[in-house]
Amino acid sequence: MDPRLWGVLAVLCAVLFLDGLDVSMVGVALPSIGSELGLSTTSLQWIVNGYVLGYGGLLLLGGRTADLLGRRRVFLIALGVFAVASLVGGLVSDGTLLIVTRFIKGLAAAFTAPTALSILTTTFHEGPARNRALSVFSVFGASGYSSGLILGGLLTSFGWRWTFLTPVPLAVLALIAGVLLIPRDRTRVEGGHDLVGAVTLTGGMLLAVYTVVSAPDRGWLDPLTIGSVVVAAALLAGFVVTEKKVAHPLVRLGILRIGSIVRANLSIVALFGSFLSFQFMMTLYLQDVLHWSPLKMAMGLLPIGLLVAFASPFVGRLIDRYGTPRLIISSMVSLSLGYVWFLATAGDSPNYLVTVLPTMLLLGGGFAFGFSSIMAQATDGIDDSEQGLASGLVQTSGQVGAALVLAVVTALVAGGAQSGGDFGQFHPGVNLVSGVAVVGLLLNLIPLIRHYRPKHGATT
């Protein structure tokens with residue numbers, strides 16, 4: 001690659017680094033935020049899910065907007081909004097306002113994330129070059145996550161607000177570099193905005209996730225809950241009808257007829273849904289129950305990020321050699337074993353070397369193999385004009401799936417607060433994330449078995 005291409009890749013990686021940094025720093029700070037602002041476990045999940053809801057709700061619109069209006073323009077504007085929301089989040093003193101800023105940051109990320117990925121996939125040709133670029137891209141995400149754990153532990157010791165303020169200068173630097181390095185779009189996709197599709201899809205997904213998050217407190221038979229379910233279903237049904245009739249649909253439904261893309265979208269739900277929920281539980285368990293300091297907890301979780309950072313550069317070569325299905329299966333096996341190992345060995349006072357470290361290594365390996373492989377599978381064979389759609393679709397699946405799994409896990413943790421033992425209240429939640437990972441494994445394993453069975457029979 002020439003220096004200009006390296007520069008473009010560096011800017012895209014810096015934004016992914018910021019995403020990883022922000023997620024892990026805020027995760028470490030959750031108990032401190034709860035203590036200072038008087039937020040319960042259910043309220044704390046909104047600091048995570050506020051971001052996820054904004055992110056997942058508008059990802060498809062973000063990808064389509066980038067295809068239509070220009071990836072460079074959309075990327076830079078959204079990055080500026082992300083910086084401003086980070087600054088405001090570090091200054092507010094009200095829990096509700098803090099959640100609002102997290103939602104706005106999620107909205108900004110809904111435009112930067114698919115745009116960055118579509119810039120990458122249209123800049124680097126499909127095959128070894130793109131796979132290597134995706135591997136480098138993943139390394140920076142893992143490095144951001146690792147750095148965020150350490151910085152989050154250190155900064156939370158001085159005050160949780162610093163975990164919100166630290167990304168601001170980094171985002172500004174990335175914005176300046178993007179203006180200088182990212183070339184202007186030569187061509188744009190012809191067509192118009194599917195505004196009806198955007199409203200029905202975004203409204204339906206947001207309302208569906210909100211219903212799952214709020215139903216445990218309100219009750220599933222509460223009139224408002226039932227009404228939310230009905231309206232969400234109507235909006236999503238309206239979206240499907242709209243996409244079949246409009247001239248320029250937000251989502252070309254034919255893309256969902258490709259089995260590999262459907263499996264990639266379901267796999268990212270299993271990966272993000274189980275991983276994010278497990279991290280949320282461990283943050284509360286290690287700090288609130290076992291009374292680990294923020295820095296000690298961050299160092300305890302650090303092997304995940306380090307393993308992803310060191311392993312991801314090799315994933316592109318492994319994809320070239322073995323293909324994405326086998327690597328995704330390896331990812332799901334590693335994740336499943338990590339959760340089950342924690343369940344089997346944790347008890348009320350887990351030993352770090354026996355329980356926590358092996359779990360972190362298994363989860364890190366699962367994420368390292370899974371993320372790049374799923375992203376590559378989700379965009380392989382897609383025309384450049386729909387790269388924004390494909391990348392937005394898979395990231396939407398991951399974020400909305402993570403929000404749904406986290407909502408259920410939070411309800412299980414809150415409901416198990418009276419359970420015996422220090423780990424008792426978290427046990428049902430870890431059971432759930434283990435099941436999610438196993439389902440992800442089966443979804444990828446069964447098609448592979450069916451693929452090889454006829455060949456084996458033909459040779460006997």
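Axes here are lines fitted to C-alpha atoms, taken for helices over the stretch in contact, and the angles between them run from 0 to 180 degrees between N-to-C directions. With that in hand, the predicted model can be looked at one helix pair at a time. Helix H2 (residues 41-69) and helix H3 (residues 71-89) have axes that come within 8 Å and cross at roughly 150°. Angles over 145 degrees count as roughly antiparallel, so that's the label H2 and H3 get. On the H2 side, the contact is made by Tyr51, Thr65, Ala66, Asp67 and Leu69, and on the H3 side by Arg71, Arg73, Val74 and Phe82.

Next up is helix H8, which covers residues 195-218. How far should its 24 residues span at 1.5 Å a residue? The expected figure is 34 Å, and the end C-alpha atoms sit 32 Å apart, which agrees. H8 does have a kink, though: it's about 30° and lies at Val212, shortly before the proline Pro216. Right after H8 comes Gly219, with a positive phi near 105°.

Finally, there's Ser334, which has its place in helix H12 (residues 324-345). Is this serine, Ser334, buried or exposed? Since buried means under 20% relative accessible area, Ser334 counts as buried because its relative accessibility is 11%. Setting aside neighbours within four places in sequence, Ser334 is in contact with Leu362, Gly365 and Gly366. With Gly366 there's a bit of extra detail: a polar atom of the Ser334 side chain lies 3.4 Å from the backbone nitrogen of Gly366.

Technical notes:
Residues numbered from 1 in each chain as written. Predicted model: local features only at pLDDT ≥ 70, side-chain atom pairs only at ≥ 80, totals over all residues. Heavy atoms only, no water. Helix = DSSP H or I, 4+ residues; strand = E, 2+ residues; numbered from the N terminus. Expected span 1.5 Å × (residues − 1). Bend = angle between axes of the 7 residues up to and from the residue. Buried < 20%, exposed > 50% of the residue type's maximum accessible area, 1.4 Å probe, protein only. Polar contact = N/O pair within 3.5 Å; in protein donor to acceptor, adjacent residues only side chain to side chain. Contact = heavy atoms within 4.5 Å. Parallel < 35°, antiparallel > 145°, perpendicular 65-115°, else oblique.
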